[in-house]
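Here is a quick tour for anyone meeting this structure for the first time. Take a look at it, and then we'll walk through a few of its parts.

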Amino acid sequence: MAQQESVLVLQERLAYEQRLVQLVDRIHSARGLDSIFIELQGEILGLLDADRMTLYAVDADRRELYSKFLAIDTVKEIRLPIAEKSIAGFVAASGRVINIADAYDLAEISKISPTLSFDSSWDKKTGFRTQQILAMPIMHDGRAIGVIQLLNKKHGGRFTKEDEASAARIAKTLGIAFYNQTQISQSQNRPKTKFDYLLAQHRISQDELNSAVAESRRRQVDVESILIEQYKVPKSELGISLSQFYRCPFMEYDERILPPPDLMKDLKHEFLKRNYWLPIRREDDGILVLIDNPQDLQRVDSISQALRNRKIKLAVALRKDILLYLGAASGEYASKDSIGNILGELKDEGGYESLDSGLGELDENDSAVIRLANQIIMDAYKSRASDIHIEPYGAQKDTVIRYRVDGGCLEYQKIPGAYRRAIVTRLKIMSQLDIAERRRPQDGKIKFRMPDGRDIELRVATVPTANQNEDVVMRILSASEPISLDRLGMTPRNLAEIKKIVDKPYGLVLCVGPTGSGKTTTLHSLLGHINKPERKIWTAEDPVEITQYGLRQLQVNPKIGLDFATAMRSFLRADPDVIMVGEMRDEETASTGIEASLTGHLVFSTLHTNSAVETVVRLLDMGLDPFNFADALLGVLAQRLVKRICVDCKAEYHPERAEFDELAAAYGEEAFEGLGQKYDEAFVLHRGKGCASCNKSGYRGRVAIHELLVTTEEMKRLIQTRARVAEMFVQAKAEGMTTLVQDGVLKSLAGTTDFRQVKAVAIK
């Protein structure tokens with residue numbers, strides 16, 4: 001009897017091995033990954049003791065897992081991020097095998113990783129109940145290129161070690177097959193010539209390309225120049241084609257970029273011109289070199305030798321652009337106002353050497369330094385920068401110039417460290433600061449006229465830094481027009497309520513938020529809404545950033561005793577209807593504002609607080625009388641600025657369930673359901689893919705999110721009794737207030753921004 005059982009076991013094992021060999025052959029002969037996903041899943045599952053199975057492949061470019069399945073004669077795709085939130089994503093990220101007895105046992109899952117979770121949305125949607133899970137990475141050359149995930153063991157309480165061994169054998173075969181299929185796909189998709197992308201996009205026809213090649217041979221010039229000049233192929237499209245073919249970045253000529261002088265000094269310009277390459281900048285892990293043909297191994301080898309075998313990274317560029325860079329480095333081709341040409345003139349004059357040694361001073365006749373400072377300011381304004389940062393690191397290292405655009409800093413230019421004193425001193429002269437004082441901070445202002453006649457003002461701060469350096473930070477205050485109230489991006493409720501508030505004859509209106517959150521812009525929009533000939537409006541600001549016809553605007557000057565409180569007291573003697581005071585910094589200013597609002601004036605001001613409700617408590621803590629304050633206050637508008645998704649590259653996408661749940665939790669699940677939002681295939685969000693318009697960031701410009709507290713009779717009662725923040729918050733919500741986060745969620749759903757930006761500014 002025992003012998004018969006042994007024979008049966010042996011026969012079953014042989015049958016299993018035979019089926020496995022047949023399956024391996026089928027996997028290796030599959031027509032592609034889609035065939036493995038759809039046609040072979042049933043055969044793979046037949047060898048494993050499980051109810052269901054999902055195969056995932058890794059999309060390395062997007063750092064995602066994807067799988068395909070057949071649904072009503074249509075092939076559909078599912079995707080999830082390679083991250084520790086999902087089980088398959090965790091397996092792909094860590095390369096570990098997961099064997100779970102109960103997917104709904106949170107304790108069992110948290111033992112594997114505290115951040116790991118099981119997404120039960122698929123169970124709810126299909127009615128299938130997941131219990132056991134065996135997830136195994138599909139490996140090749142030590143890295144995960146896919147995941148095999150088995151659900152619910154058919155026989156027994158959980159997947160065994162034998163099951164893991166069987167799955168591992170199939171995963172090993174799949175690893176080879178996935179890799180081979182990926183290589184075949186890449187070889188089929190890879191352009192065969194450097195102009196295939198242009199042909200595929202119908203930018204040019206094959207006949208036009210043939211004519212361009214013939215013309216280039218006749219004229220002894222490169223084909224790229226012919227395509228741009230005669231066939232009007234955009235340089236950006238040509239760059240994409242070259243980048244795809246050479247599999248490296250494409251770089252256009254930018255007059256703001258100057259090749260590193262210390263790398264260029266040992267290289268002969270004529271040699272570089274003949275061979276069409278040059279070092280363009282240092283990077284953390286080497287030197288970036290521009291070349292017209294990165295596949296020319298002989299030239300790449302000579303580059304390595306010329307740069308003393310330092311690690312190099314290649315980028316492709318047009319020959320014409322490479323010559324422009326070389327000309328800029330030597331001062332040959334640079335335009336009069338290019339940074340490279342200005343720096344070259346500065347070096348020739350030798351002005352920086354005398355400054356660095358302390359033997360001389362700059363004056364208005366140092367034309368190259370003047371033009372350098374002017375060009376930095378003009379380029380910053382054209383780039384929509386709010387701030388300019390000049391950051392010296394000593395004579396031996398480059399001085400870095402950075403711009404702040406849409407709230408984030410971007411590197412604009414590096415200039416040799418020897419020029420640091422020249423540029424800092426020039427900016428101090430423009431700001432009317434003491435150029436001999438380098439040991440303490442100084443503040444000043446620059447009035448600057450742009451070439452188009454527009455006047456801008458810059459608020460300048462100098463700060464002494466380590467190693468006897470001196471930083472300069474300039475805030476650009478453009479004398480701009482106010483934005484219309486209807487264009488501030490408010491919700492219909494907030495817009496209607498704020499218009500009701502500002503149309504009242506007297507009371508106090510506050511706009512609150514941190515520095516740089518757009519409070520002044522909003523206040524000027526409110527003033528613009530009520531700026532009529534029959535109203536006299538006074539403003540006290542520090543500084544006056546936005547000018548409006550009809551407003552009488554005063555700039556405070558604490559150095560001579562003209563602060564906000566003094567300005568407000570003087571306004572009360574100047575027959576005002578409306579007063580705007582830049583900030584309620586102290587109890588005196590706040591008390592004067594409340595007194596003015598109670599005596600028939602409409603008062604606007606700002607405060608640095610986190611939310612609308614907290615503003616009330618903050619002012620009461622200053623010592624204000626709660627009854628007068630409650631009577632005076634009309635409303636509090638809290639706001640933040642979030643980055644706006646670039647309209648030129650905005651695209652829809654279907655988010656993961658976790659992202660939907662995060663939005664619902666942030667808004668409040670019951671309220672979110674009231675918006676009519678539900679997670680299905682029709683639910684989409686938006687994100688920026690990155691383009692030239694937004695500097696590949698996916699964002700361009702900013703938009704405000706708002707939280708408006710309106711002081712109703714019940715709210716006034718709570719203020720008078722000094723109620724807690726929590727009580728006021730509940731009352732405000734009951735009266736229709738949407739929080740900053742809720743307003744951010746609404747703008748995320750509308751495709752104006754994304755929730756990541758909202759979290760960055762509005763969630764504690």
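Let's start with a pair of helices, keeping in mind that this is a predicted model. Helix 30 (residues 740-749) and helix 31 (residues 755-762) have axes that come within 9 Å and cross at roughly 165 degrees. Angles over 145 degrees count as roughly antiparallel, and helix 30 and helix 31 are therefore roughly antiparallel to each other. As for handedness, helix 30 passes helix 31 in a right-handed crossing.

Which residues make the contact? On the helix 30 side they are L740, V741, G744, V745 and S748, and helix 31 brings in F755, V758 and A762. Sort them by class and you get six nonpolar residues, two polar ones and no charged ones.

Now for some strands. Strand 11 (residues 399-405) has a partner in strand 10 and another in strand 12, and here is how those pairings look:

| Pair | Sense | Bridges | Facing residues |
|---|---|---|---|
| Strand 10 (residues 385-391) and strand 11 | antiparallel | six bridges | H389 opposite R402 |
| Strand 11 and strand 12 (residues 408-415) | antiparallel | seven bridges | T399 opposite I415 |

Strand 11 and strand 12 also form a hairpin, with two residues between them. Have a look at D406 in that turn: its phi is positive, at about 55 degrees. Is strand 11 largely enclosed or open? Five of its seven residues are buried, so strand 11 is largely enclosed by the rest of the structure.

Elsewhere there is another sheet to explore. Three strands make up this open sheet, in the order 7-8-9, and their pairing is mixed. Strand 7 (277-283) and strand 9 (312-316) sit at the edges, each pairing on one side only. On average, neighbouring strands of this sheet are turned by 30 degrees against each other, direction ignored.

Zoom in on strand 8 (residues 286-291) and you'll see that strand 8 and strand 9 run parallel, joined by five bridges. One of the pairings to look for is I287, whose bridge partner in strand 9 is I312. A helix joins the picture too: helix 14 (residues 297-306) packs on the sheet and touches strand 7, strand 8 and strand 9. The direction of helix 14 makes about 135 degrees with that of strand 9.

How values were computed:
Residues numbered from 1 in each chain as written. Predicted model: local features only at pLDDT ≥ 70, side-chain atom pairs only at ≥ 80, totals over all residues. Heavy atoms only, no water. Pairing = 2+ DSSP bridges. Helix = DSSP H or I, 4+ residues; strand = E, 2+ residues; numbered from the N terminus. Axes fitted to C-alpha atoms, helices over the stretch in contact; angles between N-to-C directions. Contact = heavy atoms within 4.5 Å. Parallel < 35°, antiparallel > 145°, perpendicular 65-115°, else oblique. Left-handed = near helix turned anticlockwise from the far one by under 90°. Nonpolar A, V, L, I, M, F, W, Y, C, P; charged D, E, K, R; others polar. Buried < 20%, exposed > 50% of the residue type's maximum accessible area, 1.4 Å probe, protein only.
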